[in-house]
Amino acid sequence: MSNNNTDTTTPRVDPGLAAGNFKTVAGYQPTHFALQVEGGVATITLNRPERKNPLTFESYAELRDFFGQLKYASDVKAVVVTGAGGNFCSGGDVHEIIGPLVRLKAPELLAFTRMTGDLVKAMRACPQPIIAAVDGVCAGAGAIVAMSSDLRVGTARSKTAFLFNRVGLAGCDMGACAILPRIIGQGRASELLYTGRAMGGEEGERWGFYNRIVASEELLANAQAWAAELAQGPTFANGITKTMLHQEWAMTIEQAIEAEAQAQAICMLTEDFSRAYHAFVAKQKPQFEGN
């Protein structure tokens, strides 16, 4: 990522603070996925369509590092993750990940599983809302990436499968046993994680995994338009909402209410709040004047 303190997207703060805390993503060229930044929306495309966009050791690490840096991005307010060629992601590459893993010993295996988990942590920790635009195959680690996003747009062709059981592994991978039940419920998550079966797009919408289902040809444009809408909203407040949605699962109701009171008071200090209030007043004033 570039660091350009004169960029108009960088908040007007002390240059010393900006140098360490605000960077632009536009112009950054990733090696293992495609990236487009436009209108405050970063679109990440997993782009190995000939293999249905599998992940490798390198793409795991680069995605982890990219999402980790988004907390400093001054020009990204929302993120879309999608796949090229009519599929989202087929999971870990059989030849480049699965094959080597069967030859590794425990310390190296733990280093790998921690790295994949760190991708999920980075996605949940970055303040920008993430929208997964899912068409076709969405399996294994691909299903985890979709699950770890904040919102999901699917198609009738979407086939989401948490395949770990099918290869002799536990369903508790990359936070699946913690996050998936929160999205679709304990019983439905148990079914998918115990069986590894594919969940269709329309079924996924009924279960609450997908927020909406659209035609395949409209998928990316729909997700990007939604992301643009979020990017034009109160982005600081959206980041707070994401943080609280994530953190409050580990809180009591009393703790959550107090945490939200503190968070909301901070949001009331932002220009977004003041601007929204004055826009509301301006909109209502002609109505009262006409009476």
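**Exercise 1.** In this predicted model, what share of the contacts in the chain with a separation of 6 or more is accounted for by residues 24 or more positions apart?

*Solution.* Begin with the contacts in the chain whose separation is 6 or more, and then take those between residues 24 or more positions apart, which account for 69%. As a further step, turn to burial, where 42% of the 291 residues of the chain count as buried, that is, have under 20% relative accessible area.

**Exercise 2.** Work out the order of the strands in the open sheet, and explain why strand 1 and strand 9 each have one side without a neighbour.

*Solution.* The open sheet is formed by six strands in the order 1-2-3-4-6-9, with mixed pairing. Strand 1 (34–38) and strand 9 (212–213) stand at the edges and have a single partner strand each, so one side of each is left without a neighbour in the sheet. Next, follow the pairing of strand 1 with strand 2 (residues 41–46), which is antiparallel and runs over five bridges; within strand 2, Ala-42 stands opposite Val-37.

**Exercise 3.** Identify which strands are touched by helix 2 and which by helix 9.

*Solution.* Helix 2 (residues 57–69) packs on the sheet and touches strand 1, strand 2, strand 3 (78–83) and strand 4 (130–133), while its direction makes about 175° with that of strand 2. Helix 9 (residues 219–231) also packs on the sheet, where it touches strand 1, strand 2, strand 3, strand 4, strand 6 (151–154) and strand 9, and its direction makes about 165° with that of strand 3.

How values were computed:
Residues are numbered from 1 along each chain as its sequence is written. This is a predicted model: local features need pLDDT of at least 70, side-chain atom pairs count only at pLDDT 80 or more; totals for chains, interfaces and linings use all residues. Side-chain values use heavy atoms; hydrogens and water are left out. Two strands pair if DSSP finds at least two bridges between them. Helices (H or I, at least four residues) and strands (E, at least two) are DSSP runs, numbered from the N terminus. Contact means heavy atoms within 4.5 Å. Axes are lines fitted to C-alpha atoms, for helices over the stretch in contact, and angles run from 0 to 180 degrees between N-to-C directions. Buried means under 20% relative accessible area, exposed over 50%, partly exposed in between (1.4 Å probe, protein chains only).
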